[in-house]
Amino acid sequence: MQLTSKQIKSLRAEGHRLKLKPVVSMGQKGLSDNLHKEIDIALEHHELLKMRIPALDKSERRELSKQICEQHDAILVEGIGNVIVIYRCNPDSNRFAHLLQ
């Protein structure tokens, strides 16, 4: 799924409007199987997910964010510091369809 910059901007604004709190935090074990399961469950339920990743340098955080998005078929909406916001559409609920038109 590809989103335009306008759609990503709308999702970013919605994340701020909803005052999302990080739902998933990555621990010392990194991208473990349990973490992937938690990310999938959270994306299925929330669609728009704020996630805390470890305090790595900027290039490592960017690479980690890219891996997470690729593995979960999600889109990186925003990355500030060690917090990222990702989006994956859930066809059953599609809570944010009005933002993506």
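Helices here are DSSP runs of H or I with at least four residues, numbered from the N terminus. The model is a predicted one, and helix 3 is a useful place to begin reading it.

Helix 3 spans residues 58-71. Its 14 residues reach 20 Å from the first C-alpha to the last, close to the 20 Å expected at 1.5 Å a residue. Four of its residues are named as buried: Leu64, Ser65, Ile68 and Cys69. These buried residues lie on the same side of helix 3, because they cover an arc of only 135° around the axis. The cover over them includes helix 2 (33-46) together with strand 2 (48-52), strand 3 and strand 4 (83-87). On the face turned away from this buried side, helix 3 carries the exposed residues Arg62, Glu70 and Gln71. After the helix comes aspartate 73, which has a positive phi near 50°.

Helix 3 also takes part in the largest pocket, whose volume is about 170 Å³. The largest share of the lining of this pocket, 4 residues, comes from helix 3. Strand 3 (75-80) likewise supplies at least two residues of the lining. The lining residues are Ile53, Lys58, Arg61, Arg62, Ser65, Leu76, Gly79, Ile80, Gly81 and Ile84. Sorted by class, the lining has 4 nonpolar, 3 polar and 3 charged residues.

Two residues connect the two descriptions. Ser65 is among the buried residues of helix 3 and is also part of the pocket lining. Arg62 is exposed, on the face of helix 3 turned away from its buried side, and Arg62 too lines the largest pocket.

Conventions
Residues are numbered from 1 along each chain as its sequence is written. This is a predicted model: local features need pLDDT of at least 70, side-chain atom pairs count only at pLDDT 80 or more; totals for chains, interfaces and linings use all residues. Side-chain values use heavy atoms; hydrogens and water are left out. On a 1 Å grid over the protein atoms alone, a cavity is a set of points where a 1.4 Å probe fits but cannot get out, and a pocket is an open set with protein on both sides within 12 Å along at least five of seven lines; lining residues have an atom within 4 Å of a point. Grid points are joined across faces, edges and corners, and a volume is the space filled by probe spheres set on the points. Ala, Val, Leu, Ile, Met, Phe, Trp, Tyr, Cys and Pro count as nonpolar, Asp, Glu, Lys and Arg as charged, and the others, Gly among them, as polar. The expected span of a helix is 1.5 Å times one less than its number of residues. Buried means under 20% relative accessible area, exposed over 50%, partly exposed in between (1.4 Å probe, protein chains only). The arc is that of the directions from the helix axis to the C-beta atoms. Contact means heavy atoms within 4.5 Å.
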